[in-house]
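The following explanation is intended for a reader who meets this structure for the first time. It proceeds from the outer surface to the interior.

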Amino acid sequence: MDSCATCRNLESLPGFGGGFITGGTGQDLENSASTCQLCSILWEGLEHFCLDDPSTAQWMALRQEGDAFRLQYKRSSEKKWAGLYFYTKDLRDPLSDIFKLSSELEPDTSSAKYLSQMKGWVDSCCEKHSVCRERLNDYLPTRVLDVSRERDVIFLYHPNEKDRGPYVALSHCWGGVVPILTTTKSLESFKDGISIEAFPKTFQDAISVTRALQCRYLWIDSLCIIQDSTDDWRHEASRMADVYGNSYVTLAAIASVNSYGGLFHQHHPLDVGHIVERQGEGKQSIVVNVRPSLEHSSYFASSPYGLDESTPAPLLGRSWCFQEYLLAPRVLSFTQWEMLWVCLSKRACNCGEYSEDTREIVAASDLKARFDTQLRGAPLKDLHRLWKDIIEAYLLKGLTYDTDKLPALAGIAQLFSERGLGRYVNGLWEPTIVSDIFWECNWLFIGNYGIVTKRSTDSSMPSWSWASVFGPFRYTPSTTVIEGIELLEIAYEPRASKPLADVCARSLTIRAIILKAHAWGGKDHKENPGNNQRRIQVPDTPEHHWLIDVPSELTRTVESPADVYILCGTKGPGLVVRPIEGTTTTYRRLGFVEGYPRSRDESESQRIQLV
């Protein structure tokens, strides 16, 4: 084969990371296609899937050892890259050394092939995974749906002491209105049976999958919790660790914005694959298959960030569903193109990019893998780091009701509490609360995604808890070196009946250094409402930058700064605070400042209250 300057014969270059080979424009491929067979294959695949002027598209060739060949491309007007997989289905193909074996996509994600794979993953998990078998049990929630008594009628059922599981749980987006709910009025009639036609498509699909997995019971929140009973909702919401943690399989309706979207999705055959045919030397037949390259890491991380904006994945942005994903020992995720499987031992997908051998490779950097393994036995230091990483991921999610900020995490908090992290205090932990209050906004993430942080409308939530804000926040390494701050008292709320879900403390009394300062910035708030960068100056020291939690809470010019204070110790970061009107020692948090001022006098330490 003659050397080609455009595709470089798709041979990996030494020293290049990520499998990069070469790149260019679609026009380059088109021009070279007449003289280079590989370029002609790449151009035909690009032309088929990039419908909008493929000749102007940018592309780059990626080839990892042992993986299918991938072509990344993007139009000049777009920021994100799309991907195409080029592969063969026959090892005897002359180009099988370049285009590795892989699996084609199905136009219908409810195809017999995909459902067979799904059943195989579950059966293999139950039969071969010793760690996963330990989590199999006969627990049943307060209420379940009996999907096996009759084919066309589903029964809301209250298990008795003799009833045993397993059961399947559904994780889904409500999307505003759910057409069928259990209320105090409908409770008894639902026990007598509900016509399957009354269920929206997502629920009907969940019933079908539950039956395919040979399970009798299905748990759906809108039907298994009495929706107009505050007492029942609070009771059941506090049991999410049990409901999802003991489920046989949790079904995640990733791509459906509401209960009408369904678990399964259909595509035009031309959108799921294309076949390129050529002749090799000696008139050997060459068949190369091309299909969209599917994203997996974002799904396994339960995060919408990293997915193309056009990819429907509303479930990944919801707080309740993030908890459900972490708690569940086995999850089947139903995406736009395929099903994904993750359990305590393995992971897989219909397209074959992830096999049962992949999980061990990614476990060290995977939040769910860490959650599954470290909660079974890890030092407290590692559990504290895991908790903070979970909080950082959780704060990227959305809620319909601000007051759900703690309830939507209560199931996870329960497990950490049982592992010895101490008393839970509004999302923080009493033994480490001095360092736990020093969280900061993730300004780089905010800038990249155009996010505007906001204050919770739940006025009962104190400002020192991350639960008082919405947006990307994080903990920095400097929180591990705080010195000179002493916790004196936590004002617990005696009426908090469920401390993992309720606001259980109103204020902290601490002894710390408190320094008067002037703060300004945000004068461009109308044009740039997401800008969290501000300036601050303690008298007789150089000015310094700091990060405000909510940009709208301080917009001042340098000529007319705001009077604020810095709360800090003798070492470590500080908090920018503002006194409560009419008080002299009670403050509310405004933001975070790193390493300022450098010189601190311990004699200025005093007793203050943070609310």
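**From surface to core**

The protein exposes about 26,800 Å², and carbon and sulfur atoms supply 48% of this area. The model under discussion is predicted. Charges are also part of the description: the protein has 65 positive and 78 negative ones, and the mean positions of the two groups lie 4 Å apart.

The overall dimensions come next. Along its principal axes, the C-alpha trace spans about 90 × 65 × 45 Å. For 611 residues, a compact globule would be expected to have a radius of gyration near 25 Å; the value for the protein is 28 Å, which agrees with that expectation.

Within these dimensions, the chain forms 18 helices and 29 strands. Of the contacts with a separation of 6 or more, 67% are made by residues 24 or more positions apart. Buried residues account for 55% of the 611 residues.

The interior can be described through its nonpolar cores. The largest of them has 141 residues, and Phe-416, Trp-466 and Leu-567 are those with the most contacts inside it. Helix α15, residues 380-394, contributes the largest share of this core, namely 7 residues. Apart from this core lies another, of 29 residues, including Ile-41, Trp-43, Ala-57 and Leu-84.

Leu-567 offers a closer view of the largest core. When its neighbours within four places in sequence are left aside, Leu-567 is in contact with residues including Phe-438, Ile-485 and Ile-510. Also among the contacts of Leu-567 are Ala-512, Ile-513, Ile-514, Gly-574, Leu-575 and Val-577, as well as Ile-608 and Leu-610.

Definitions and conventions: Residues numbered from 1 in each chain as written. Predicted model: local features only at pLDDT ≥ 70, side-chain atom pairs only at ≥ 80, totals over all residues. Heavy atoms only, no water. Core = buried A, V, L, I, M, F, W, Y, C linked by side-chain atoms within 4.5 Å. Buried < 20%, exposed > 50% of the residue type's maximum accessible area, 1.4 Å probe, protein only. Helix = DSSP H or I, 4+ residues; strand = E, 2+ residues; numbered from the N terminus. Contact = heavy atoms within 4.5 Å. Rg over C-alpha atoms; globule rule 2.2 N^0.38 Å. Areas by Shrake-Rupley, 256 points an atom, 1.4 Å probe, with all protein chains shown as cover. Lys, Arg positive; Asp, Glu negative; His and termini not counted. Charge placed at Lys NZ, Arg CZ, Asp CG, Glu CD.
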